[in-house]
Structures are given as C-alpha cells and as structure tokens.
Amino acid sequence: MFLGMDIGTSGVKAVLVSEAGAIVATAARELALSHPAPLWSEQDPDAWVDAAIGAVDDLAAHHPREVAQVRGIGLSGQMHGATLLGEDGRPLRPAILWNDGRSQAECDRLERRCPSLHAIAGNLAMPGFTAPKLLWVARHEPDIFERVAKVLLPKAYVRYRLTGEMVEDMSDAAGTLWLDVGQRRWSALLLHATGLDLHHMPRLVEGSAASAMLAPEFAQRWGMAKDVVVAGGAGDCAASAIGLGAIAPGDAFLSLGTSGVVFRVTDRFVPAPASAVHAFCHALPGLWHQMGVMLSAAASLAWLAGVMEAPAAALLAPLGERVDGPSPVKFLPYLDGERTPHNDAAASGAFVGLRGATGRGQMVQAVLEGVAFAARDNLAALSAARGPIAEVDLVGGGSRSPLWAQICADVLGIPVHRVEEGEVGAALGAARLGRIAATGEDPAEVCVRPRRLASFAPRASVTSAYDDAYRRWRNLYPALKEPI
C-alpha cells in the first residue's frame, strides 16, 4: 500500500493506493482561510498538520489492515506559501498563501534588483510567488524577518512535522523565485536579492526520491512499519500530472480546482515570462513543465453559490449537460486578481450585461463560461510559447460537471476528457511518488494514464458563437481596468 496526501487550500485529502494502482480509500479534512486585510490570504501552518494527521487517523480507524501495509508516502501541496520558521522550528506568523496579492510593490523591487531573474527563475515576479512575500515581511514586519531561520512551503512544513526533516522537491521549489530552474538548484543570487542565504532553504530532492523516513511516533500511531519512506513529492499541479500519467513531453491537462491551470510537460526548461507563463521543474528528473494559471476557477462557482445561498450542484442542475450557446451575461473570474496572462493582483471580478430580465441560470452559465474563457487565455499563452495543444484531460472539482466540460470544449476548440479519479489527482500523484521512492520502480510503469470516463468534442453549432463571445469578453479587462 501507498499513501498520498494533498495539502490544499480548502482542505487536506489523503488516499490509500494499492499495489495494483487502485484507490482503496480516501479521507479529507477541511481548512479555513483568513483574509485579515484587502488582498491578504493566510493560513495557520499547524492547521495543515492537524488536518493531515486527522485524515490519516480516519484512514487508520476505518482501514487499519491496509494502513499497516503502507510502504511509501508522498506529499502534494498548494504552492508558493511562505511558512516562516524561527530557530525553534515553530512558525513565526501565519503562512502567506499563493493567492495573496499584497506584495506587488516588492515584485517591482525584485525585478529591478535582479535583472537576471527571468533567465534563472524562468518566471515574472508575481505577488503569488514566495520571494516577494519575504521582501514584504522584511519591509513591514522587520522584527519577524530578522528571526527567520528557515522558509518552507506548505507541504514541506507538513513533512517536517511528520519526519523531523526540512526538505523540498524541485517542482514546488521552482515556484519560489529562488530556484535556478534550469539547473535544479537554489540560486544564491536570487536569495541574496531578498536578503536570504542558502542556509534559510531546505535540502532539495527530486519528487520521486526518498526525502526522509516517517517519524516513529506516527508509524506507531497509525500501525505502520518503522521504515516507511516519505518521497520528495510535488507541488499540486505537478502531482496532478503524475496522477494523470502526464510524464511525456507534450502531455497536457486542464485543472478546474480552487484555482485553474493549463499544464504542459516539456523535456527542457522553456521560460516564457513575457506572456506570464510559468516554467517549473516537473516532479520527475529530467522533465519540466509550463503552466498558465488563473487564480479563481472552481472558486468562482463556490463564490456564486455562497452569494446565492444555494449549493453549487443546485445552481448547475437546471442547466442540464449542455447549453445552446453563450450566455448574454459576461463574467470576469478575477476574484483574487489574475496571473496568466495579465499578471495583475489588483484585477477584480465583474458581471457585465445584466438586465432586468437576467435570470439565475444565465449568471451561473456566465461564471462557467468566464472561467473557460480565462482557460482559453492560458491555452493561447502556452500555444504561443511552445506550439498548440491538441487536447486536454480535465481534473479538479470542476471536472465533476459534464456541462462545464462541454463548455470548456466549445470555448477552447479542442477535445476535453473527463478521467477516472480526476478529483483526487494530486493525492494520487503523491502516492505514486511515494511508491517510486519506496520501491525504485520505473516511473513509466507506475504513472499510467487513468481511464477516460467521457470525451467532449467542440460542437460546430456553437463554436462560432463562442469565438465571438470570447473576443468580446477579452475586451472587458482593459475596458474595466482602473488607470494606474
């Protein structure tokens, strides 16, 4: 047996995976977000640990025999979160998360300080990344900055608490702006630009390599053996790719989780910062990937459900599994700013085209289409950087909806495939990395593609209308953007 844990933004998922590669059991614990000021997004690092332990406790309580057979553990996590530890290994403040937008001024300062940033890190300085957050802390909380002994990402903090080792994998480290992504090592130059040094960073390993052993207290707590290996793991998107078997150059998927991602595997480091495309290390040695990132995907539908005080499923049900054309209402899904292609933490969401006759269904459809239009922006950015993408698998919570899958196919103009276990892709990928670290198996034998449940092709009857709607939607961001 192998265990995967995904340390997400809204919750922690844990999955047990058998030797045959089947998911035996899952468990989940919810997490709370804090927004103490405009553009701020924070979490208590110990809440991740408590949720992770609680999820495995649940598995051990209901599946003790299977949990006792676990040989390897993998961790996946939300990327970029700045977890600042003092000399005692305890957090000095709440973690500043990936969707926190407070550090735009620090991004500008980092770009000026380090002209070689793009060539080394492969990415623009964006508020979501980790390095600008440390510049913000240095400027606004200097007493805390002076006490920082280590900076860990969310899953690395959970690993530290479970194993006693401070280790990070290449894919997650690539999202800090401190990694030389092409060389897969920390950059002393980029660290110096934020007032840090190599001793502030955890040890680096590949995602499929052994990083540590599970601490005896947890092995005993869960009835496991004393020699359970914990793999390097991966950032959530790279872990999802492992779960989808996306390990060959050109493999691609669309994730509709809290945030949204268009992801493509590459065989070398291919930065494209001009279009706000991310270039990161993959979770396996010798592979990299490109990503277009939207900060609010399924979160947009969750927001609307909260405003309308109705479950998301109840909002979707009246629309059925397909619509006859675009909604007359347009929605900008920039509830937490946006990355690709705008790199604008101050971007905001909007409904446009509301009339007295507008109904709830048209607004719900507009939200689904707005996210799909943002995904088309991402697809266009990746296509310009490295050539077209012919088809995508669909993962994340949004993948549950056949309606949303069909809208994505119609808007993107390429086939979209719903896949088995698409909602636990990151946790499944983490478990696979745990297996490779424990057994030394060939990744190609372990990272097999999931079964496709349904395929959605673009419909000729609506693609022209969606092309026109997308062009009009594209005009909204510059028209509504406030002058600087």
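The bounds of a domain, as used in this tour, come from an automatic or database domain assignment. For this protein, which is a predicted model, that assignment gives domain 1 (2-232) and domain 2 (244-481).

**The whole chain.** Begin with the full protein in a ribbon view, where you can trace 19 helices and 24 strands. The radius of gyration is 21 Å, close to the 23 Å that the globule rule gives for 484 residues, so the protein is as compact as a globular protein of that length. Turn the C-alpha trace along its principal axes, and you will find that it spans about 65 × 50 × 40 Å.

**The two domains.** Now select residues 2-232 and 244-481 and give each domain a colour of your choice. The centres of domain 1 and domain 2, taken over C-alpha atoms, are separated by 24 Å.

**Where the domains meet.** Next, look at the place where the two colours touch: 53 residues of domain 1 are in contact with 39 residues of domain 2. The size of an interface is often given as the accessible area lost when the parts come together. Here, domain 1 and domain 2 bury about 3500 Å² between them, and 66% of this area is on carbon and sulfur atoms.

Between domain 1 and domain 2 there are 11 residue pairs in polar contact, counting pairs with both residues at pLDDT 80 or more. To see which parts of domain 1 face domain 2, select the elements that give two or more residues to that side, among them strand S1 (2-7), strand S2 (11-17) and helix H4 (117-121). The residues on this side of domain 1 divide into 27 nonpolar, 20 polar and six charged.

**Salt bridges.** Side chains of opposite charge can pair when their charged atoms come close. How many salt bridges lie between domain 1 and domain 2? The count is one, and to see a salt bridge up close you can show the side chains of Glu19 and Arg435, which meet at 3.8 Å, N to O.

In the protein, the count comes to 31 salt bridges. One to select next is Arg93 with Glu141, whose closest N and O atoms are 2.7 Å apart. This pair links distant parts of the chain, 48 residues apart, with Arg93 in the loop between strand S6 (83-85) and strand S7 (95-96) and Glu141 in the loop between helix H5 (130-140) and helix H6 (142-146).

**Two backbone details.** Most residues other than glycine have a negative phi, and most peptide bonds are trans. Select His80, in the loop between S5 and S6, and you will find a positive phi of about 75° although His80 is not a glycine. Finally, go to Thr340 and Pro341, which are joined by a cis peptide bond with an omega of about 5°; Pro341 lies in the loop between strand S20 (330-332) and strand S21 (350-352).

Note on methods. Residues are numbered from 1 along each chain as its sequence is written. This is a predicted model: local features need pLDDT of at least 70, side-chain atom pairs count only at pLDDT 80 or more; totals for chains, interfaces and linings use all residues. Side-chain values use heavy atoms; hydrogens and water are left out. Contact means heavy atoms within 4.5 Å. Buried area is the accessible area (1.4 Å probe) that two parts lose on being put together, summed over both. A salt bridge is a side-chain nitrogen of Lys or Arg within 4 Å of a carboxyl oxygen of Asp or Glu. A polar contact is a pair of N or O atoms within 3.5 Å; within protein, one must be able to donate a hydrogen and the other to accept it, and residues adjacent in sequence count only if both atoms are side-chain atoms. Helices (H or I, at least four residues) and strands (E, at least two) are DSSP runs, numbered from the N terminus. Ala, Val, Leu, Ile, Met, Phe, Trp, Tyr, Cys and Pro count as nonpolar, Asp, Glu, Lys and Arg as charged, and the others, Gly among them, as polar. The radius of gyration is taken over C-alpha atoms; the globule rule is 2.2 Å times the number of residues to the power 0.38.
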